[in-house]
Amino acid sequence: PSKTLSYFECSIPIMAAIDPVTDYGDMLVESGSGFYSIHGDLKQFKTKFNKLIKDEELRRKMGVNGRKYFEKNYDVKKSVKILEDYGSRVNNGKERY
């Protein structure tokens, strides 16, 4: 989802309803930045949403975790380096775009 990076940057925890075939939930678990449920599973969504709403410390911690994940994985300098490396591989014929 397009707003995820903004939420990470602003230390906002995430509650998501996702498709079963996406890896978005894996990213939330890996980063410790929020909860997810499979789209349509209202019971699971409600349980996790209530846990998030009732626990201020958990919300704070998940927000901080998202910010750290953002800084580690989406730093501008790191993104530029990834693009430069990719461009170099394309120019050297090692990869196609």
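## A tour that starts at Glu 71

Begin by selecting Glu 71, which sits in helix α4. Helices here are DSSP runs of H or I with at least four residues, strands are runs of E with at least two, and both are numbered from the N terminus. Before you go on, two notes on the model: it is a predicted one, where local features need pLDDT of at least 70 and side-chain atom pairs count only at pLDDT 80 or more, while totals for chains, interfaces and linings use all residues. Residues are numbered from 1 along each chain as its sequence is written, and side-chain values use heavy atoms, with hydrogens and water left out.

Back at Glu 71, the relative accessibility is 44%, so this residue counts as partly exposed. The cut-offs are under 20% relative accessible area for buried, over 50% for exposed and in between for partly exposed, using a 1.4 Å probe and protein chains only. Now add Phe 8 to the selection: the C-alpha atoms of Glu 71 and Phe 8 are 8.7 Å apart, although their positions lie 63 residues apart along the chain.

**Zoom out to the whole chain**

Show the cartoon and you will find five helices and two strands. From the N terminus onwards they come in the order α-β-α-β-α-α-α. The C-alpha atoms fill a box of roughly 55 × 25 × 20 Å along the principal axes. How does the radius of gyration sit beside that of a compact globule of 97 residues? The chain has 17 Å, where such a globule would have a value near 13 Å; the radius is taken over C-alpha atoms, and the globule rule is 2.2 Å times the number of residues to the power 0.38.

Switch on a surface next. The chain exposes about 7300 Å², with carbon and sulfur atoms supplying 54% of that area, as computed by the Shrake-Rupley method with a 1.4 Å probe; for residues, only the protein chains shown count as cover. Buried residues make up 24% of the 97.

**Select the aromatic rings**

Any pair of aromatic rings is described by the distance of the centres and the angle of the planes. Rings of Phe, Tyr and Trp (its six-membered ring) pair if their centres lie within 6.5 Å; planes under 30 degrees apart count as stacked, over 60 as edge-to-face and the rest as tilted. By this rule there are four aromatic pairs. Select Phe 8 and Tyr 69: their ring centres are 5.5 Å apart and their planes meet at 70 degrees, so the pair is edge-to-face. This pair links distant parts of the chain, as Phe 8 belongs to helix α1 (residues 4-9) and Tyr 69 to helix α4 (residues 56-73), 61 residues apart. Phe 8 is buried, at a relative accessible area of 0%, and Tyr 69 also counts as buried, at 13%.

Jump now to Phe 45 and Phe 49, an aromatic pair that is stacked, with 6.1 Å from centre to centre and 10 degrees between the planes. They are four residues apart in helix α3 (residues 42-54), so about one helical turn separates them. Phe 45 is partly exposed at 27%, and Phe 49 is partly exposed at 36%.

To finish with the rings, select Phe 8, Tyr 69, Phe 70 and Tyr 74 together, which form one aromatic cluster.

**Three single residues**

Select Ser 37 in strand β2 (residues 34-38). Is Ser 37 buried or exposed? Ser 37 is buried, with 1% relative accessible area. Leaving aside neighbours within four places in sequence, its contacts are Met 15, Ala 16, Ala 17, Ile 18, Gln 44 and Phe 45, where contact means heavy atoms within 4.5 Å.

Then pick Ser 11, in the loop between α1 and β1 (14-18). Most residues other than glycine have a negative phi. Ser 11 has a positive one, near 60 degrees. Its relative accessibility of 32% makes Ser 11 partly exposed.

The last stop takes you back to helix α4, where Lys 72 is found. Lys 72 is exposed, with a relative accessible area of 60%. Draw a distance from Lys 72 to Asn 92: the two are 20 residues apart in sequence and 28 Å apart in space, C-alpha to C-alpha.
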